[in-house]
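Good morning, colleagues. I should like to take a few minutes to walk through one structure and some of its local contacts.

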Amino acid sequence: MQSRNSITGVLAAITIIGLWVGSLAAFFSLEFAPKMLAIGLPWMTFLSTGLFITAHDAMHGTVSSNRRVNDALGAVAVGLYALFSYRKLARKHAQHHVDPAVPGLDPDFHDGEHRGFWRWYLHFVRGYVGIWQIVGMAAAFNVLSHIVGVPEPQLLAFWVIPVLLSTLQLFAFGTYLPHRGEHAADNVHRARTSDYPPWLSFLTCYHFGYHREHHERPDVPWWGLPGRRRPSVEPGSSRRP
């Protein structure tokens, strides 16, 4: 079973990375037209989120049972996403699982005062994005624009903006909704799960909304979470629209 899961994890990671690279190359090569945004923007946002989810699973060792393959795919995914350091993210994410939803200890949680969506989101982003990462992204943008010759509208519409939107997607469904508010005393993970059906859970954030299940079994990859889903009974759960 472990070998089968490892093969599935590697195939899922390669598929997401390949689709992201191939789709981005295709959008970069086409002549820009506003109507392309209707398909290209949500598609690239969804794939960008998939890159981060792939790296996240690699941090838990669920992409491949081979540690080198697992970490290599995770590093590639998060590097393509926004030049993040895989090792730095892995350390912070491990701390999130040790002290979930504890101000000052959980790097993903708010500062104990600003619990609103936008203030919490800004606190969340500042904890992960560094100056050298911004410099690197700016350098990559200029190389693609001035040396490779990719038009700036394509760079913005299909690379920069989708990454920014995906940070909102990841924060909303993977941090804000699962960890906000009060939790039952026996909920040691201080996380709730969404009540979305599997198809909608996949579209919103690769099942990251099944968050209590993830905290209970971080060894289960994103595509295995629906099989462990149970309805949330806590107040503040994200309900089916």
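I shall speak about a pair of helices, then a histidine, then the salt bridges, and finally a glutamine.

Please bear in mind throughout that this is a predicted model.

Let me begin with the helix pair. Two packed helices are described by the angle between their axes and the distance between the axes. Here the two partners are helix α7, residues 152-179, and helix α8, residues 198-205. Their axes come within 9 Å and cross at roughly 135 degrees. That angle makes α7 oblique to α8. Which residues meet at this crossing? From α7 there are Gln-169, Leu-170 and Phe-173, and from α8 there are Leu-203, Thr-204 and Cys-205. By character, the residues of this contact divide into 4 nonpolar and 2 polar, with no charged residue.

Staying with α8, we may ask which of its residues are buried. They are Leu-200, Ser-201, Thr-204 and Cys-205. Viewed down the axis of α8, these buried residues fall within an arc of 105 degrees, and therefore they line one face of the helix. What do they pack against? The partners are α2, residues 37-59, and α7. Thr-204 and Cys-205 thus appear twice in this account: among the buried residues of α8, and among the residues that meet α7. After α8 comes Tyr-206, whose phi is positive, near 55 degrees.

I turn now to His-179, which is placed in helix α7. Is this histidine buried or exposed? Its relative accessibility is 1%, so His-179 counts as buried. Its surroundings, leaving aside neighbours within four places in sequence, include several other histidines: His-96, His-189, His-211 and His-215 are in contact with His-179. Two aromatic residues, Phe-109 and Trp-120, also touch His-179, as do Arg-190 and Arg-192. The remaining contacts are Pro-100, Ala-101, Gly-174 and Ala-191.

Next, the charged pairs. Side chains of opposite charge can pair when their charged atoms come close. How many salt bridges does the model contain? The count comes to 3.

One of them joins Asp-71 to Arg-67, with the closest N and O atoms 2.7 Å apart. Both residues lie in helix α3, residues 67-82, and they are 4 residues apart, about one turn of the helix. Arg-67 is exposed, its relative accessible area being 61%.

Another joins Glu-216 to Arg-212, where the closest N and O atoms are 3.2 Å apart. These two residues are 4 residues apart in helix α9, residues 211-216, and so about one helical turn separates them. Glu-216 is partly exposed at 32% relative accessible area, whereas Arg-212, at 17%, counts as buried.

The spacing in these pairs invites a general remark. An α-helix has 3.6 residues a turn, so residues three or four places apart point the same way.

There is also the bridge between Arg-217 and Asp-219, with the closest N and O atoms 2.8 Å apart. Arg-217 is partly exposed, with a relative accessible area of 31%, and Asp-219 is likewise partly exposed, at 43%.

Finally, I draw your attention to Gln-133, in helix α6, residues 131-148. With a relative accessible area of 12%, Gln-133 is buried. What does this residue touch beyond its sequence neighbours up to four places away? The contacts are Ala-82, Leu-83, Phe-84 and Tyr-128. In addition, the C-alpha atoms of Gln-133 and Ser-85 are separated by 8.9 Å, although the two residues are 48 residues apart along the chain.

Thank you for your attention.

Notes: Residues numbered from 1 in each chain as written. Predicted model: local features only at pLDDT ≥ 70, side-chain atom pairs only at ≥ 80, totals over all residues. Heavy atoms only, no water. Axes fitted to C-alpha atoms, helices over the stretch in contact; angles between N-to-C directions. Parallel < 35°, antiparallel > 145°, perpendicular 65-115°, else oblique. Contact = heavy atoms within 4.5 Å. Nonpolar A, V, L, I, M, F, W, Y, C, P; charged D, E, K, R; others polar. Buried < 20%, exposed > 50% of the residue type's maximum accessible area, 1.4 Å probe, protein only. Arc of directions from axis to C-beta. Salt bridge = Lys/Arg side-chain N within 4 Å of Asp/Glu carboxyl O.
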